[in-house]
There are 2 protein chains.
Amino acid sequence: MRKTGQSGKAAPRTQDPEGTRRNILEIASEEFALNGLAGARVDEIAARTRSSKRMIYYYFGDKEGLYVSALENAYRQVRDGEAKLDTDGLPALEALRRLVEFTFDHHHRHQEFIRMVMIENIHRGEYLDRSDAIRDLNATAIDHIARIYARGVADKQFRPGLDPLELHWQISALCFFNVSNRATFSHIFGRDFGTTDALARLKDNTVEMVLRFVARKDALPDD
Amino acid sequence: MRKTGQSGKAAPRTQDPEGTRRNILEIASEEFALNGLAGARVDEIAARTRSSKRMIYYYFGDKEGLYVSALENAYRQVRDGEAKLDTDGLPALEALRRLVEFTFDHHHRHQEFIRMVMIENIHRGEYLDRSDAIRDLNATAIDHIARIYARGVADKQFRPGLDPLELHWQISALCFFNVSNRATFSHIFGRDFGTTDALARLKDNTVEMVLRFVARKDALPDD
DNA sequence: GGCAAAATGTACGAACTGGTTAGTTTCGTC
DNA sequence: GACGAAACTAACCAGTTCGTACATTTTGCC
């Protein structure tokens, strides 16, 4: 799909391939996040689109192709957002705190992304396999935490011997679960964990938990 | 068609309502855990059953009724298993360690359960709402950790002011994610987190993380 | 203006899917 | 050993769902 160089802004057209594609992808992302791969309906997606079912198949091949694109779309958006955090000037302990807080909030802000990841895990990552675009996006996601950790160890603030990737795992777990399992958890224990108050407490706990895990005892405040 | 001994139990019958029901539920649980509510096929379930599609509707009403039963089934099995852990004789710190280790392993042993919970969360707990059976099962699930925590605080091993339910949340998060998101996580970071080695490390980390979060500084070993 | 390629609209159909209809067999019990 | 209820079977049905065939318009380019 090549775009010839044009002068000025593109004039409004009756035909707008790029816009159509984007519009379809947007609606599809919503529907898949809402209903899952099997649960989403191509006809329903088409109906909500400014375009038609014909166009879905024209641009994305089939339902699964559309799903994979929606998945890529979700990852791309979220990773783009993550890149905005900058902690380079901060002391390691503070940087880590910021990172965890940011991750917590970021997950909370992008619930459709969380849902897509849940759905994809139900499918055992089968469709992720078909997308080389996604792996590339995440290769650098680990860098940030690795840098902070290295800094903290050098400063004798963090205990050595931890694996940044495993640390990332733990942080992800705490922040992800917080969104992914809220429905069942709240229901079962009869307490709403979605209130701003509950969320604030969970965030504090999460930060605290990570910091206590990583920091050396003497770098922590007294109990 | 085998004959059971006449050991007081019902003689073998060609008609076996209880057995049929259980058989259907068993297969249905597998299929729903495998494919989700929308993804599972009633015909496929029926085919794998010793019985027929008609019987599914006879005993469970409709597809959703069958799904709710499968969900209840999953919760019941897992909660029954959990009840087996006994830490009452142990010092609080050791008891908590055992609890976390057990939870970690237990989640790992019951991946179909995890999948059912994931699926139900995709459905926002809508079907959990329809089942009063499940809430009752979990009302006591929090007791165990609450007892350990209270003991630890009394013994000056744990820092006070924590909420057992929130603690349970954190532990669940770490152990749940470990199963639920393995597919995408492993894929994205190109490292298999399902090996016995990786699991052992993650378990250690998880235990460590919880203990460091709960214990008072002076109750912990040096870094 | 003319033309091929890209983009789009309309309508349809084959296969699937949840659910049912209608009828048969089994079984406790009186 | 008759009888009604419970357990069960097989075939079928109607609505849905993904996907496509065919026709048409728009666009870039000479």
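Biologist: What makes the approach of A:Tyr59 to a phosphate oxygen of DNA strand C a polar contact?

Modeller: An N or O atom in the side chain of A:Tyr59 is 2.9 Å from a phosphate oxygen of DNA strand C. A polar contact is a pair of N or O atoms within 3.5 Å; within protein, one must be able to donate a hydrogen and the other to accept it, and residues adjacent in sequence count only if both atoms are side-chain atoms. The A:Tyr59 pair therefore counts. This is a predicted model, where local features need pLDDT of at least 70, side-chain atom pairs need pLDDT 80 or more, and totals for chains, interfaces and linings use all residues. Side-chain values use heavy atoms, without hydrogens and water, and residues are numbered from 1 along each chain.

Biologist: Which distances do A:Tyr58 and B:Arg41 have to a phosphate oxygen of DNA strand C?

Modeller: For a polar side-chain atom of A:Tyr58 the distance is 3.2 Å, and for one of B:Arg41 it is 2.5 Å.

Biologist: Why is the pair B:Asp222 and A:Lys217 called a salt bridge?

Modeller: Their side chains meet at 3.6 Å, N to O. A salt bridge is a side-chain nitrogen of Lys or Arg within 4 Å of a carboxyl oxygen of Asp or Glu, so this pair qualifies. Across the interface of chain B and chain A, the rule finds 8 salt bridges.

Biologist: How many residues of chain B are in contact with chain A?

Modeller: Contact means heavy atoms within 4.5 Å; 58 residues of chain B are in contact with 60 residues of chain A.

How values were computed. Chains are lettered from A and ligands numbered from 1 in the order in which they are written.
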